Amino acid sequence: MIRIGPAGIPLSCKGRTNKDGLIYTRSLGLNTMEVQFVRGLHVMDEDDAEELGRLAKEYDVELHVHAPYYTNLAGDEANIEMSFDKIMSAAMLANLMGAKVIAVHPGYYGELSKKEAMERVVANVRELRDMFKSEGFSVKLGIETMGKQKVFGSIDEVVEVCRRVNDVVPVLDFGHIHARGNGSLKTKEDFNEIFQKVAGLGRDAYLLHVTGVLYRNGNEYHHLPIKKGDMKIEPLLEVILENNYNVSLISESPILEHDAVYTQIVMDRIMDKLHSRHRPDDEEDEEISEPREKLEYEIEGEKHQAAKKKQAKKIAAEKKVSRKRVKEETEPEKEE
Ligand SMILES: [Zn+2]
């Protein structure tokens, strides 16, 4: 299953609560949302969280949570205590709303060597994981890949933390990976490599962040709309569809839901392409010329397509209106 949605309340949503945001997200034909506690937890109390969880079930919108930005699991004792407090409070609300993953920024190397930072982060992540367990949380602690050289969280570091601490999951922020690698994600092979790195962790679903990104010398400066950045989303989506990965794609673009809808449109286009390559008329030719493996994913693509069509029909009417508006706002200029 592929779910797509915004990081937080859609910009064009009139109501400014997470509940408004969730319903609006659904009306755009999107089906996941990452609730943002990035600047604090004041936006929600326990009752709100439970109510949001109830709505999420009703509307079939999968929830995730982003913990407050300023946490440092490689810091000194005061840093750690502050970080634990923030993460545990956010996790409590995330758990109440039935969120799948809470994304956490792991921290800074500071004066530590990379190896020392790794040991400290692993020890603290392990302690947090134990706290999640003793609280009976079902939400998973997610460690995000980070986009600056001085920040802990390269893809390899995130994989190592998740490998060493059971039950902790990677959050693949592709904008960050691309920026940190100074533009490293260009081809399908580049994206494939990232999925290969996490494959050994044995997860059956991944939380992904996507956005355009402005970077220099391996450091992220700020987010851009997907089309304004140099990381193409097509090869990523092709890799996801061809491998039938179970993912939730969260748009962190400055044009939040517009880029979520754009991602959905591009994905539909790719699925159509996979589908049309396997029309009955062409079948005979294809069986001779195409290798066996390729046919298999095309069949998967079709199944996917059928499921999606069914789902799309259900919400087509409301979707049509909002989507058209979003598309007009997003794509004033003609696509090349
Ligand atoms: Zn983040």
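1. Start with Ser 12, which sits in the loop between E1 and helix H1 (18-27). This is a predicted model, by the way. Is Ser 12 buried, exposed or partly exposed? Ser 12 has 15 C-beta neighbours inside 10 Å, so it counts as partly exposed; the bar for buried is 20 or more. Have a look at Leu 256 while you're there: it is 244 residues away from Ser 12 along the chain, yet the two C-alpha atoms are 9.3 Å apart.

2. Now the sheet. It is open and has 8 strands, and going across you meet them in the order E1-E12-E9-E8-E6-E4-E3-E2, with parallel pairing. Which strands are at the edges? Those are E1 (2-6) and E2 (32-36), each of which pairs on one side only. Leaving direction aside, neighbouring strands are turned against each other by 25 degrees on average. As a reminder, strands of a sheet pair through backbone hydrogen bonds, and the pairing can be parallel or antiparallel.

3. For one pair in detail, take E3 (residues 62-66) and E4 (residues 101-104). These run parallel and are joined by 2 bridges. If you want a residue to click on, try His 66: its bridge partner in E4 is Ala 103.

4. Next, the helices on this sheet. Helix H5 (residues 155-164) packs on it, touching E6 and E8, and the direction of H5 makes about 165 degrees with that of E8. Strand E6 (140-144) and strand E8 (168-173) also have helix H4 (residues 114-135) lying across them. H4 runs at about 155 degrees to E6.

5. Over to H7 and H8. Helix H7 (residues 188-199) packs with H8 at an angle of about 50 degrees, and their axes are 8 Å apart. The two are therefore oblique to each other, and H7 passes H8 in a right-handed crossing. Which residues make the contact? From H7 they are Lys 188, Phe 191, Asn 192 and Phe 195, and from H8 they are Pro 235, Leu 236, Glu 238 and Val 239.

6. Staying with H8 (residues 234-242), Leu 236, Leu 237, Ile 240 and Leu 241 are buried. Why do they line one face of the helix? Viewed down the axis of H8, the buried residues fall within an arc of 125 degrees, so they share one face. Leu 236 turns up twice, being buried and also part of the contact with H7.

7. One last backbone detail: just after H8, Asn 244 takes a positive phi of about 55 degrees.

Methods: Residues numbered from 1 in each chain as written. Predicted model: local features only at pLDDT ≥ 70, side-chain atom pairs only at ≥ 80, totals over all residues. Buried ≥ 20, exposed ≤ 12 C-beta atoms within 10 Å, placed from the backbone. Helix = DSSP H or I, 4+ residues; strand = E, 2+ residues; numbered from the N terminus. Arc of directions from axis to C-beta. Pairing = 2+ DSSP bridges. Axes fitted to C-alpha atoms, helices over the stretch in contact; angles between N-to-C directions. Contact = placed C-beta atoms within 7 Å. Parallel < 35°, antiparallel > 145°, perpendicular 65-115°, else oblique. Left-handed = near helix turned anticlockwise from the far one by under 90°.
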